Amino acid sequence: MVDGGEPETMLCRSLGWVSRLSKRSVVIVPHIGRNARMGVKQGCGDMTIPIAAIVRVRTIRAPLIP
């Protein structure tokens, strides 16, 4: 633990592109890049969240990297 003390439940907000989705969890990626010359997409900062921990999902329209 960084600050010491007892762990507590926290409310967190996460925003990102859904990379993987299953019955048990969702993986979101907040940073996506693309190398046009190589045709490779790359994500960074991925986070796996248990479905049971998700309170609400909202779809946000954002420009995608082609």
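Here are some notes on this predicted model, going from the overall fold down to single residues.

1. **Overall make-up.** We're looking at 66 residues, of which buried ones make up 8%. The protein has five strands and zero helices, so if you read along the sequence you get β-β-β-β-β. The accessible surface comes to about 6500 Å², and carbon and sulfur atoms account for 56% of that.

2. **Contacts along the chain.** Take the contacts between residues at least 6 apart in sequence: 32% of them join residues at least 24 apart. One pair to look at on screen is leucine 11 and valine 55, which sit 44 residues apart along the chain. Their C-alpha atoms are separated by 9.7 Å.

3. **The three-stranded sheet.** Which strands make up the open sheet, and in what order? The order is E1-E2-E5, with antiparallel pairing. E1 and E5 stand at the edges with a single partner strand each, so one side of each has no neighbour in the sheet. From one strand to the next, the twist averages 30°.

4. **E1 with E2.** These two are joined by a hairpin that passes through three residues. They run antiparallel, with four bridges between E1 and E2 (residues 25-29). If you want to trace the register, valine 18 stands opposite isoleucine 28 in E2, and arginine 20 has valine 27 of E2 as its bridge partner.

5. **E2 with E5.** On this side of the sheet the strands again run antiparallel, and four bridges join E2 to E5. A handy marker here is serine 25, whose bridge partner in E5 is proline 50.

6. **Cover on E1 and E2.** Is E2 enclosed or open? Four of its five residues are buried, so E2 is largely enclosed by the rest of the structure. E1 is another story: the count of buried residues among its five is zero, and the strand is hardly covered.

7. **The E3-E4 hairpin.** Strand E3 (residues 31-35) pairs with strand E4 (residues 40-44) in the antiparallel sense, over five bridges. Asparagine 35 stands opposite valine 40 in E4. The two strands form a hairpin with four residues between them. Have a look at glycine 39 in that turn, since it has a positive phi of about 70°.

8. **A nonpolar patch on the surface.** Which residues form it? Val18, Leu21 and Ile51 do, and together they have about 290 Å² of accessible area. Val18 is the residue already met opposite isoleucine 28 in E2. Isoleucine 51 lies in the segment after strand E5 (47-50). Its relative accessibility is 33%, so isoleucine 51 counts as partly exposed.

9. **Leucine 11.** Where does this residue sit? Leucine 11 is in the segment before strand E1 (17-21). Why does leucine 11 count as exposed? Because its relative accessibility is 74%, and the cut-off for exposed is over 50%.

10. **What to keep in view.** When you turn the model around, start from the E1-E2-E5 sheet, with E2 largely enclosed and E1 hardly covered. Then find the hairpin formed by E3 and E4, and finish at the surface patch of Val18, Leu21 and Ile51.

Methods: Residues are numbered from 1 along each chain as its sequence is written. This is a predicted model: local features need pLDDT of at least 70, side-chain atom pairs count only at pLDDT 80 or more; totals for chains, interfaces and linings use all residues. Side-chain values use heavy atoms; hydrogens and water are left out. Patches are made of residues with over 30% relative accessible area and no salt bridge: like charges are joined within 9 Å, nonpolar side chains (Val, Leu, Ile, Met, Phe, Trp, Tyr) within 5 Å. Accessible areas come from the Shrake-Rupley method with a 1.4 Å probe; for residues, only the protein chains shown count as cover. A salt bridge is a side-chain nitrogen of Lys or Arg within 4 Å of a carboxyl oxygen of Asp or Glu. Buried means under 20% relative accessible area, exposed over 50%, partly exposed in between (1.4 Å probe, protein chains only). Contact means heavy atoms within 4.5 Å. Two strands pair if DSSP finds at least two bridges between them. Axes are lines fitted to C-alpha atoms, for helices over the stretch in contact, and angles run from 0 to 180 degrees between N-to-C directions.
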